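Reader: I'd like a close look at one part of this protein, the small open sheet and whatever sits around it. Could you walk me through it?

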Amino acid sequence: MDRGLQRHARQSSVWARLCRLPLWLLAICLVAIPMASSAGVFISVNFAPPPLPLYAQPVIPGPGYIWTPGYWSYAGDGGYFWVPGTWVLAPYPGALWTPGYWGWAGGVYVLHMGYWGPRVGFYGGINYGYGYTGVGYVGGYWRHGGFYYNRSVNNIRTTNITNVYTRTVINDDCVAHGTYLLRPACFRILLSEPNHRWACQEQ
């Protein structure tokens, strides 16, 4: 084979490898998505958390805050302990909080940590109250960079907030245990969306 053909064969081989590179990068990203989506699972326990306590929501401190409900965490030998709910300033316009939940998997209860994202994802079907009824969030919505609060589920009585509306929410009290009741399959795709952030320091 003459040198011209050898050089052409080498160049063709290099181009073939370069053309395959984006496919390899795509494959690596697709494999990494499920790993990233399960990155919030940190704690597993062989007995169920207690039922959610009933508690009063404190007054909202100001506009732009989103309610993040309380949850049971676990401290090794110390057992379960209650992390109270709190108002948290949204980390970016459009951010919504998906609460964490305890799910039964592989013979143990697993804590799936909450996170910020552009939509409310799966949180075990748990009725945390204050707008978190088990599916989605009915405590408010973002519009033109401002958050609008549902007066019927948020404690905004003494705070000067003008972006309010009233929509009745049925059964908005804490009655479920901290274990999941629904299957998360239809919500898994939401975990692969951009702009997800884990809990802030206040939470």
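Author: Here is a stroll through that sheet, its loops and the core it feeds into. Keep in mind that this is a predicted model.

The open sheet has 3 strands in the order S10-S11-S12, and the pairing is mixed. Strand S10 (140-143) and strand S12 (164-165) stand at the edges with a single partner strand each, so one side of each has no neighbour in the sheet. S11 and S12 run in the parallel sense, paired over 2 bridges. One residue pair to look up there is Asn150 and its bridge partner in S12, Tyr165.

Now the loops. Between S10 and S11 you'll find His144, with a positive phi near 55°. His144 counts as exposed because its relative accessibility is 77%, and the cut-off for exposed is over 50%. The loop between strand S9 (115-117) and S10 holds Tyr130, again a non-glycine residue with a positive phi, near 55°. Tyr130 is buried, though, at a relative accessible area of 18%. For context, most residues other than glycine have a negative phi.

Then there's the core. Strand S11 (146-150) is one of the strands that each supply at least two residues of the largest nonpolar core. That core has 31 residues, and among the ones touching the most other members are Tyr128, Tyr132 and Tyr149, along with Ile66 and Trp102. Strand S2 (65-68) also supplies at least two core residues. S2 holds Thr68 too, which is buried at 2% relative accessible area. A polar atom of the Thr68 side chain lies 2.8 Å from the backbone oxygen of Thr86.

Terms used
Residues are numbered from 1 along each chain as its sequence is written. This is a predicted model: local features need pLDDT of at least 70, side-chain atom pairs count only at pLDDT 80 or more; totals for chains, interfaces and linings use all residues. Side-chain values use heavy atoms; hydrogens and water are left out. A nonpolar core is a set of buried Ala, Val, Leu, Ile, Met, Phe, Trp, Tyr and Cys residues joined through side-chain atoms within 4.5 Å. Buried means under 20% relative accessible area, exposed over 50%, partly exposed in between (1.4 Å probe, protein chains only). Helices (H or I, at least four residues) and strands (E, at least two) are DSSP runs, numbered from the N terminus. A polar contact is a pair of N or O atoms within 3.5 Å; within protein, one must be able to donate a hydrogen and the other to accept it, and residues adjacent in sequence count only if both atoms are side-chain atoms. Two strands pair if DSSP finds at least two bridges between them.
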